[in-house]
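Colleague: I have a model open and would like to learn how to read it. Can we go feature by feature?

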Amino acid sequence: MFSLTDTESWLLRHSKIDESSGGWDRLWPRIEDLGDRDGMAHLLASAGERLAIPTMDPPPGAPEPGTADRSLADEVVRLARRQSPEEAFAVLLDRWHALHVRQLIVSPRQLADTMVGLAAELRDGSVPVRQVLDPACGMGSLLAASGRRWSGQESPPVLAGVDNDAALARLTRARLALEFPACERHVRSADTLRDAPLRHASRADVVLSYPPSNQRSWGHDELATDPRWLYGVPPRTEPELAWVQHCLSVLAPGGVAVLVLPPGVASRRAGRRIRAGLVRTGSVRAVVALPPGSAAPHGVGLHLWLLTTPRERPGSGVSFIDAADCRTTALTGRGTAVDWDGLRQRTVAALRGSDVPGATRVPAMELLSDDVDLTPSRRTVIERSVGPVELRRAWGGWDNALMDVRDAAKAVREHEACVAAPDDFDYTFVGDLERSGALDVTAGKALADDLIQQGARVEGALHVVTPWVVRGEEPWVSAAQVAGLEAEGQVVLTSFGDVVVVTAAGGFDVWVETVGPRLLGAHTVRLRTDSALLDPFFLAACLRAPGNDQRAGTRASSSSRVDVRRLRVLRAPTAQQRRIGEAYRQLVRFRETVADLGRHGELLSAMLSGLLAQGRLTGE
């Protein structure tokens, strides 16, 4: 109906799109039309190779592109050169991965950076890293993290990778060439366990890997006499221990390896002899339990094994770090996310010998039992010592909370219900109040993930309100960044007396801001009232009425939203608004004291249960 060229020209003139966006949107469907995963991968890798080094030859055995594929690769290269070739290739790689995410296991960037950081912690920092190896490199996430960490050395390290998937290996090869041109790179396609392609090459100072698991056909029969099995021949059902021993076999003296492994590797009886050998020689430095969601499969709490070359004098034991509780409320969507900063801090502190919760060091002799169980959660159980003083203090907290509830309940109990039919009351809606000037409606704005911080808040930082974080521990943004965003009109701040509404149907909430200022994220709304016309506490009481959110929205799916302008509000004169607002404050106080009493009750119950189980609870 309209000229595409004219439309794009108008959008460019008005800064609605950048020069390359329209081109990618038209080009990507043609790449998708290739259909098969490997064909798309080789096409993108071919374009990446030309973007990195125009004279770069494809790896041996790479399929020859047809005329149509070559023409399509030419267009990719032409379009990518209009912007940063590295960024363009990263966008294409992300799109390709999104199409085939169920077929691939990729180490998330934060996990990769964490593994590299732990490897650096274990190494002697005075010795440069000469070679990094990933024997199951996939899309190269771990090698890219290594490049970000060590490519700035005076002599950049060699980045070496192997993968039995030729398409993935070629993508990694092109990716590293684009991102780290100063590093020497060796990426090839081979079966690591069967072929051991780098066994006779120079040894690696650092090995990082997320090897495949639960493989039954990994080469058990043909590798029965392989010299890599210094700690015993891996059982057919323990391919992960074959990968562990392979990684140790390619380490240079003083080298370190960090592997992501399923939790069963730490405890299955079939692998106990090999685990005993690893512990006895001091090859296992630490085992870290990760929170579920750290990497695929997301429902499993994976482990990090931190390994070193066998020591002449084996160390005193193994460090166990249970970081499964390093979770924080997710910034988007339901559930929780991994607190990577907390995880790294706990692990590094434990490796340095600090006494931190959830971490312990166990002597080797205690581990060399029948099972040789290396599961962190079974080694870091902390039984809280409760004595008479702690118990009396807990009872004191309960008594104080109980008095607060009684006082709050007394104030609320003075109000009585009057008999009146619903028709006796008249209602209006937030949208009508906005049009009349009684209040302003301002929707919160989504913030970039790299702006939002978690954990301990720096001085002056502002908390962020998101649909799933409305109380307690909140993410935050530094004051300097808030000032810059506010000057650009990119943030919505609350003030004392503002009514905040969380519009997510599954997390609908309303309250009057009394601690601000705070930043409002996506799916939140600020209602700022004209106090001469509308009492904010009265407004909050009306908006929180049971069923109000259902009238104003739909619960057809978890992504449903409440239309704040359709929320119903009672029509009342100013004096009645003040009375209702004051009663609402008392009700909020009652609700808070009841929640506080529940917390004290849970603490007291846990103390008494522990004392009872220990036979230390006396009485008639």
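Modeller: We will take cysteines, then a helix, then two groups of strands. Keep in mind that this is a predicted model.

Colleague: Start with the cysteines. How many disulfides does the structure hold?

Modeller: The general idea comes first. A disulfide is a covalent bond between the sulfur atoms of two cysteines. This structure holds 0 disulfides. Take Cys183: the nearest cysteine sulfur belongs to Cys137, 15 Å away. The cut-off for a disulfide is 2.5 Å.

Colleague: Is Cys183 buried or exposed?

Modeller: Cys183 counts as buried, because its relative accessibility is 3%. Buried means under 20%. Cys542 has 11% relative accessibility, so Cys542 counts as buried too.

Colleague: Now a helix. How many residues of helix 7 are buried?

Modeller: An α-helix has 3.6 residues a turn, so residues three or four places apart point the same way. Now the case here. Helix 7 runs over residues 141-150, and 8 of its 10 residues are buried. Helix 7 is mostly covered. The buried set starts with Ser141, Leu142, Leu143 and Ala144. Ala145, Ser146, Gly147 and Trp150 complete the set.

Colleague: What covers the buried residues of helix 7?

Modeller: Both helices and strands do. The cover includes helix 6 (109-122) and helix 8 (166-179). Among the strands are strand 1 (131-134), strand 2 (158-163) and strand 4 (204-209).

Colleague: On to strands. Which strands pair with strand 6?

Modeller: Strands of a sheet pair through backbone hydrogen bonds, either parallel or antiparallel. Strand 6 (residues 284-289) shows both senses. With strand 7 (residues 303-308), strand 6 pairs in the antiparallel sense over 5 bridges. There, Ala286 stands opposite Leu306. With strand 8 (residues 317-322), strand 6 pairs in the parallel sense over 4 bridges. Val288 stands opposite Ile321 in that strand.

Colleague: How many residues of strand 6 are buried?

Modeller: 5 of its 6 residues are, so strand 6 is mostly covered.

Colleague: And the open sheet: in what order do its strands lie?

Modeller: The order is 15-14-18, with mixed pairing. Strand 15 (476-477) and strand 18 (519-520) stand at the edges. Each edge strand has a single partner, so one side of each is left without a neighbour in the sheet.

Colleague: In what sense do strands 14 and 15 pair?

Modeller: Strand 14 (residues 462-465) and strand 15 are antiparallel, over 2 bridges. Leu462 stands opposite Val477 of strand 15.

Methods
Residues numbered from 1 in each chain as written. Predicted model: local features only at pLDDT ≥ 70, side-chain atom pairs only at ≥ 80, totals over all residues. Heavy atoms only, no water. Buried < 20%, exposed > 50% of the residue type's maximum accessible area, 1.4 Å probe, protein only. Pairing = 2+ DSSP bridges. Contact = heavy atoms within 4.5 Å.
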